[in-house]
Amino acid sequence: MNWLKLNRGKRTILNLILTGIFVFLMLWRQGFPVQSYEKLLQRAAQSYLIESPVELLHADAESWTVYGASDGKLLRVTHGKNLFGMQWNDVRLFSEEVPYLLEFNYAEMSENKEEFTLCVGGLLTGFFEEAATAELTVTLNFHDRLTGVKESEETVTLTGVRESTACFRFPERRDGRDALGLLVGPAVLRLYDEAGGLLEEHTYERLFPGTNFHQ
């Protein structure tokens, strides 16, 4: 086919066809995007050769993270999104001994990306249907960023707000203090029933930014 002999209309149609083929091949190579969290979990679960249905526990739009359950095991999936839907980026299947995941953060970056200021908050997701309330007490250890010498210590208690049957969110507490040199721990997570009785208590020696769990 002589490209130069095609009129403008035919060249436009040919360009659209070639573009369509390119998009199809790109999506085929990356795995076709999905439109629902359930399908996203199932697609990600296939990396662990899981073919049985995966239950959707919670989707956190802020962190682009979805949590599911398969045969009593927690599945954590991060994803991206484009015009065609969602595609998973990273997936981790936890053992049956991990009952819940604590996503924790203690700092936020300034707009000029030169400072980290205190911003304590988190998300608890997992198996705790009987829990009515959740409480997280964290110890903040402030150190001099240059010498590493401990300067002060304080305790902060966060009360979880239920977002779903499988999720509590600990609202952020923030101020303008420098978070560089801050170490968080020990921390104590407590789950209570409707009557205020303690269901479970777990101590973390340290809390790190990101996913924390215990077995």
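Here are legends for a set of close-up views of this predicted model.

**View 1. The whole chain, with a look at confidence.**
The protein has two helices and 13 strands, and buried residues account for 39% of its 215 residues. Average pLDDT is 87, with 84% of the residues scoring at least 70. The spot to be wary of is residues 22-30, where pLDDT stays under 50. For that stretch the model has six contacts beyond four places in sequence. Where pLDDT is low, predicted coordinates shouldn't be read in detail. Of the contacts in the protein with a separation of 6 or more, 53% are between residues 24 or more positions apart. On the outside, the accessible surface comes to about 13,000 Å², and carbon and sulfur atoms own 54% of that.

**View 2. The four-stranded sheet, S1 to S4.**
This open sheet runs in the order S1-S2-S3-S4, with antiparallel pairing. Strand S1 (55-60) and strand S4 (85-93) are the edge strands, each pairing on one side only. From one strand to the next, the twist averages 25°. Zoom in on S1 and strand S2 (residues 65-70), and you'll find five bridges in the antiparallel sense. One pair to pick out is leucine 56, whose bridge partner in S2 is glycine 68. Over at the other pairing, S3 and S4 form a hairpin with two residues between them, and eight antiparallel bridges hold the pairing. Here arginine 76 has arginine 92 in S4 as its bridge partner.

**View 3. Two loop residues with positive phi.**
Stay with the same sheet, but look at its loops. Tryptophan 64 lies in the loop between S1 and S2, and its phi is positive, about 55°, although it is not a glycine. Its relative accessible area is 39%, so tryptophan 64 counts as partly exposed. Aspartate 71 is in the loop between S2 and S3, also not a glycine and with a positive phi of about 55°. Aspartate 71 counts as exposed because its relative accessibility is 63%, and the cut-off for exposed is over 50%.

**View 4. Helix H2 against the sheet.**
Helix H2 (residues 37-45) has Leu40, Leu41, Gln42, Ala44 and Ala45 as its buried residues. They pack against S1, S2, strand S3 (73-82) and S4. An α-helix has 3.6 residues a turn, so residues three or four places apart point the same way. Keep that in mind when you trace which side chains of H2 are buried.

**View 5. The cores.**
The largest nonpolar core has 27 residues, and Leu124, Leu136, Val138 and Leu140 are those with the most contacts inside it. The elements giving two or more residues to this core are strand S5 (100-109), strand S6 (116-126), strand S7 (133-143), strand S8 (150-159), strand S10 (167-178) and S11. There's also a second, separate core of twelve residues, and its members include Val34, Leu40, Ile50 and Val54. In soluble globular proteins, nonpolar side chains tend to be buried together. For a close-up in the largest core, centre on leucine 136. Setting aside neighbours within four places in sequence, leucine 136 touches Leu102, Phe104, Val156, Thr157, Leu158, Phe170, Ala187, Val188 and Leu189.

**View 6. The five-stranded sheet.**
The order in this open sheet is S9-S10-S6-S5-S13, and the pairing is antiparallel. Strand S9 (161-164) and strand S13 (210-212) stand at the edges with a single partner strand each, so one side of each has no neighbour in the sheet. The twist averages 25° from one strand to the next. Inside the sheet, S6 and S10 run antiparallel and are joined by seven bridges. Valine 120 stands opposite arginine 173 in S10.

**View 7. Strand S11 and the loop after it.**
Proline 186 sits in strand S11, and a cis peptide bond joins it to glycine 185, with omega about 0°. Farther along the chain, alanine 195 lies in the loop between strand S11 (182-192) and strand S12 (198-204). Alanine 195 has a relative accessible area of 75%, so it counts as exposed. Alanine 132 is 63 residues away from alanine 195 in sequence, yet their C-alpha atoms are 8.6 Å apart in space.

Definitions and conventions
Residues are numbered from 1 along each chain as its sequence is written. This is a predicted model: local features need pLDDT of at least 70, side-chain atom pairs count only at pLDDT 80 or more; totals for chains, interfaces and linings use all residues. Side-chain values use heavy atoms; hydrogens and water are left out. pLDDT is the predictor's confidence in each residue, from 0 to 100. Contact means heavy atoms within 4.5 Å. Two strands pair if DSSP finds at least two bridges between them. Axes are lines fitted to C-alpha atoms, for helices over the stretch in contact, and angles run from 0 to 180 degrees between N-to-C directions. Buried means under 20% relative accessible area, exposed over 50%, partly exposed in between (1.4 Å probe, protein chains only). Accessible areas come from the Shrake-Rupley method with a 1.4 Å probe; for residues, only the protein chains shown count as cover. A nonpolar core is a set of buried Ala, Val, Leu, Ile, Met, Phe, Trp, Tyr and Cys residues joined through side-chain atoms within 4.5 Å.
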